[in-house]
Amino acid sequence: MPYAHITGWGVSVPEPVLTNDDIAKMVDTNDEWIRERTGIRERRIAREDQYTSTLAIEASLKALQVANLAPTELDLIIVSSSTPEHIFPATACIVQDAIGATKAGAFDLLAACTGFIYAVNMAGQSIRSGSIKNALVIGSETLSRFVDWKDRNTCILFGDGAGAFVMQASDQPGGLLSAVMRSDGSGADLLTLLGGGARYPASEATVHEGKHYIRMEGKAVFRFATRAVGSVTREALDLAGLKVEDVDLIVPHQANYRIIETAAKYLKMPLEKFVVNVDRYGNTSTASIPIAAVEAVEKGKLKAGDKVVFVGFGAGLTWGALAAEWTGPVPTKKHVHPEQYRFFARLRSLARRALRFIEGLFSRREL
Ligand SMILES: CC(C)(COP(=O)(O)OP(=O)(O)OC[C@H]1O[C@@H](n2cnc3c(N)ncnc32)[C@H](O)[C@@H]1OP(=O)(O)O)[C@@H](O)C(=O)NCCC(=O)NCCS
């Protein structure tokens, strides 16, 4: 049975920074309150011309570059997002077309802030089963488009960004070691974005009622999260046959510094073993784990051979954890420049659209 290794990684965060002081100009809050209760100092906000796919594509190209893998070699693309570009088509298909992943299947996955855990596991299990060799897993969000900037309970928390992993089959032991996925729909009403779906299709009334905004029962979500992180981390470690002492690094979902602190206490682990960057990006939902992981790699905190746990929680309710042995790029003689494929991808996309148009003209004549 092949192993599923993480061989590439990349991040894309928008440049515009929104500080706590900026938010204090919009709602009745202040920098001190936000820092004390959440650990957040600032977050990134997508420019008007940046979409969930824009960030996803940038992160993907960087991940492919690290893995030295051509987009044409991808078998599968999963975009995890709670803020997809549209209900359909899938954001994953937009990414597939833009990067020129000519033979990849592509779909979106929605498991809120736990989405990246679920998506890495889905791609990992497809690799383990032998049905695919190379997968691209992306967590991408433009949450700022769904934040009610008049609601101080939520607008202080969220930010935009994307992170991507390339996963590849290998006979070498390592990579993904275990995965746990959990859900509890009885808590579905605790964190929601109700408008624009089939139950509340977009209408003047839904907009008037603010159903297109994120709503949250902060305290209840906090209680759930503090319990979930520690227990599911333990479950993933047990499944992988690892002890807490074996773990080099934990990469938790970045929602609130206090949640991470509580998890560290529960697991009796020093806080230094947890990656924390919520201060600079806020909660980027499903993108937060890959963004934090890439930062850890760049700072030399996550190295080949390290035992790492990724752990997430969020709306649904959903939660989950992955234990992995970090691989790093597979040594190879070839040097792939995925960015160059973009030009050909664009040409290919235009040619296919033109062909479809011409086909349409002829089929009309036949009718
Ligand atoms: C949202 C959160 C930071 C609020 O912190 P909290 O300590 O629970 O605060 P509370 O909601 O109890 O509010 C305490 C007081 O601060 C006020 N308050 C709420 N938001 C405020 C803000 N942004 N600025 C200043 N005061 C605020 C409340 O009105 C309340 O005032 P009151 O006591 O006079 O009624 C916290 O509940 C949280 O982080 N929850 C989890 C959220 C999360 O992680 N969501 C994503 C999951 S993926």
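In this predicted model, strand 13 (318-325) is largely enclosed by the rest of the structure, because eight of its eight residues are buried. The burial extends to both faces of the strand: T318, G320, L322 and A324 are buried on one side, and W319, A321, A323 and E325 are buried on the other. Strand 13 also has pairing partners. Strand 8 (residues 175-183) pairs with strand 13 in the antiparallel sense over eight bridges, with S178 standing opposite A323. Strand 12 (residues 307-314) likewise pairs with strand 13 in the antiparallel sense, again over eight bridges, and here V308 is found opposite A324. Strands 12 and 13 form a hairpin with three residues between them, and G316 in that turn has a positive phi of about 140 degrees.

Following the chain onward brings P331 into view, in the loop between strand 13 and helix 11 (338-366). Is P331 buried or exposed? With 6 other C-beta atoms within 10 Å, P331 is exposed, since a residue with 12 or fewer counts as such. P331 lies 8.9 Å from N68, C-alpha to C-alpha, although the two are 263 residues apart in sequence.

The interior of the model can be followed through its nonpolar core. The largest such core has 117 residues, and those with the most contacts inside it are I77, V95, V137 and L322. Of these, L322 belongs to the buried residues of strand 13. Leaving aside residues up to four places away in sequence, I77 touches A92, V95, Q96, A101, A104, A106 and L136. V137, for its part, stands opposite F165 in strand 7. This pair sits where strand 6 (residues 134-141) and strand 7 (residues 161-170) run antiparallel, joined by eight bridges.

Strands 6 and 7 are part of an open sheet of five strands, with the order 1-7-6-4-5 and mixed pairing. At its edges are strand 1 (3-12) and strand 5 (105-109), each of which pairs on one side only. Neighbouring strands of the sheet are turned by 20 degrees against each other on average, direction ignored. Helix 10 (residues 288-298) packs on this sheet and touches strands 1, 6 and 7, its direction making about 90 degrees with that of strand 1.

Finally, the ligand is surrounded by 18 residues, the closest being T29, R152, G218, F222 and A255. Which helix gives the most to this shell? Helix 7 does, with five residues. Helix 2 (31-38) and helix 7 (218-240) each supply at least two. By character, the shell divides into eight nonpolar, seven polar and three charged residues.

Conventions
Residues are numbered from 1 along each chain as its sequence is written. This is a predicted model: local features need pLDDT of at least 70, side-chain atom pairs count only at pLDDT 80 or more; totals for chains, interfaces and linings use all residues. A residue is near a molecule or strand if its C-beta atom, placed from the backbone, lies within 6 Å of it. Helices (H or I, at least four residues) and strands (E, at least two) are DSSP runs, numbered from the N terminus. Ala, Val, Leu, Ile, Met, Phe, Trp, Tyr, Cys and Pro count as nonpolar, Asp, Glu, Lys and Arg as charged, and the others, Gly among them, as polar. Two strands pair if DSSP finds at least two bridges between them. Axes are lines fitted to C-alpha atoms, for helices over the stretch in contact, and angles run from 0 to 180 degrees between N-to-C directions. Two residues are in contact if their C-beta atoms, placed from the backbone, lie within 7 Å. A nonpolar core is a set of buried Ala, Val, Leu, Ile, Met, Phe, Trp, Tyr and Cys residues joined through C-beta atoms within 7 Å. A residue is buried if 20 or more other C-beta atoms lie within 10 Å of its own, exposed if 12 or fewer, and partly exposed in between; C-beta atoms are placed from the backbone.
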